[in-house]
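Reader: I've got this model open on my screen and I'd like to talk through its architecture. Can you walk me around it?

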Amino acid sequence: MEKVRVSAVSYTNTLPFLYGLRQSSIIHKIDLSLDVPSACAHKLVNNEADLGIVPVAALLDIPTPQVVSDYCLGASGAVNSVFIFSDKPISDINTLRLDDQSRTSNGLARVLLRDYWKRDVTIVSEGKADAYVEIGDRTFGKQHVHPYVYDLSLYWRQFTGLPFTFAVWAANKTLPNTFIEEFNGALAYGVAHREVVLKALPRRRDFDYRKYFMEHLDYRYDDEKKKAVTEFLKRMETLARVPG
Ligand SMILES: C=C(O[C@@H]1C=C(C(=O)O)C=C[C@H]1O)C(=O)O
């Protein structure tokens, strides 16, 4: 069999998955690339990869996405790495800049603004804005940089009562069952060995990696997270397309 082209997210949140894949013989059966989430989505949509941890917002652009795993990048409440940062309260912002590394969180910010905060805000892809979306490691330790900080999966929970799913392991084609089972087993191993991954991370005063891996991120793709995907995509589909 040809190697399966796999696109994984290049952020800390994915390290447990990478550990699992690298500890397994599956690593010899894949061509692994590490990409920011928007690039991962682009690869899956354009068939430049076969399998990836796909931002759920991009599932709308893949003709027949096949979710292959019981693991995801999700959160049951605050995730501590997906924010709207602002110098004004949400009630006063008129413009929002999106994060070009994101697909899902950009959509989540817009859904929450419209449906939860009931705000009609102009979206910009670049340049100056009253507030901005930012995701991933760049946000670590940044909660004190701006006076207003909104952790988006926390507000989603307050709005819907549901956890949130940012990205799922999905393929854009049917892959052999034996491969999927082995792949999923490797992911499970990685999630079960988060402590080992934690030991290799540097200590930082302004960010608690242990809490991030063990409490904020929730890797299980369970029924509530599936419900969250359905609910989120239903709302996302009704957003106007923005350039970029
Ligand atoms: C929790 C996170 O979830 C992510 C956010 C994504 C998005 O906004 O498209 C996609 C994958 C995840 O990396 C994060 O990046 O910090």
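Author: Sure, let's start with one pair of residues: in β2, Val4 has Ile30 as its bridge partner. Before going on, keep in mind that this is a predicted model, where local features need pLDDT of at least 70, side-chain atom pairs count only at pLDDT 80 or more, and totals for chains, interfaces and linings use all residues. Residues are numbered from 1 along each chain as its sequence is written.

Reader: Between β1 and β2, what is the handedness of the β-α-β crossover?

Author: β1 and β2 pair in the parallel sense over six bridges (strands pair if DSSP finds at least two bridges between them). Helices (H or I, at least four residues) and strands (E, at least two) are DSSP runs, numbered from the N terminus. A crossover counts as right-handed if, with the strands pointing away from the viewer, the path from the first strand over the helix to the second runs clockwise. Here the chain goes from β1 through helix α1 (residues 15-23) to β2, and the crossover is right-handed.

Reader: Which strands stand at the edges of the six-stranded sheet?

Author: That open sheet has mixed pairing and the order β2-β1-β3-β10-β4-β11. Two of its strands have a single partner strand each, so one side of each is left without a neighbour in the sheet: β2 (30-35) and β11 (217-220).

Reader: In β3, which residue stands opposite Val6?

Author: Strand β1 (residues 4-9) and strand β3 (residues 51-55) pair in the parallel sense over two bridges. Opposite Val6 in β3 stands Leu51.

Reader: And the five-stranded sheet: which residue in β9 is the bridge partner of Ile84?

Author: This open sheet runs in the order β7-β6-β8-β5-β9, with mixed pairing. β7 (122-124) and β9 (148-151) stand at its edges, each with a single partner strand, so one side of each lacks a neighbour in the sheet. Strand β5 (residues 82-86) pairs with β9 in the antiparallel sense over four bridges. The β9 partner of Ile84 is Tyr150.

Reader: At about what angle does helix α4 run to β9?

Author: Axes are lines fitted to C-alpha atoms, for helices over the stretch in contact, and angles run from 0 to 180 degrees between N-to-C directions. Contact means that the C-beta atoms of two residues, placed from the backbone, lie within 7 Å. Helix α4 (residues 152-160) lies across β5 and β9, and its angle to β9 is about 65 degrees.

Reader: How many Å separate the centres of domain 1 and domain 2?

Author: The domain assignment gives domain 1 (4-74 + 164-236) and domain 2 (82-160); such bounds come from an automatic or database domain assignment. Taken over C-alpha atoms, the centres are separated by 23 Å.

Reader: How many residues does each domain bring to the contact?

Author: The contact takes 20 residues from domain 1, while domain 2 gives 17 residues.

Reader: Where does the ligand shell lie, and which residues come nearest to the ligand?

Author: Domain 1 and domain 2 both give residues to the shell, so it lies between them. By class, the shell has 10 nonpolar, six polar and one charged (Ala, Val, Leu, Ile, Met, Phe, Trp, Tyr, Cys and Pro count as nonpolar, Asp, Glu, Lys and Arg as charged, and the others, Gly among them, as polar). A residue is near a molecule if its C-beta atom, placed from the backbone, lies within 6 Å of it. Of the 17 residues around the ligand, the nearest are Pro37, Pro55, Ser81, Ser102 and Ser105.
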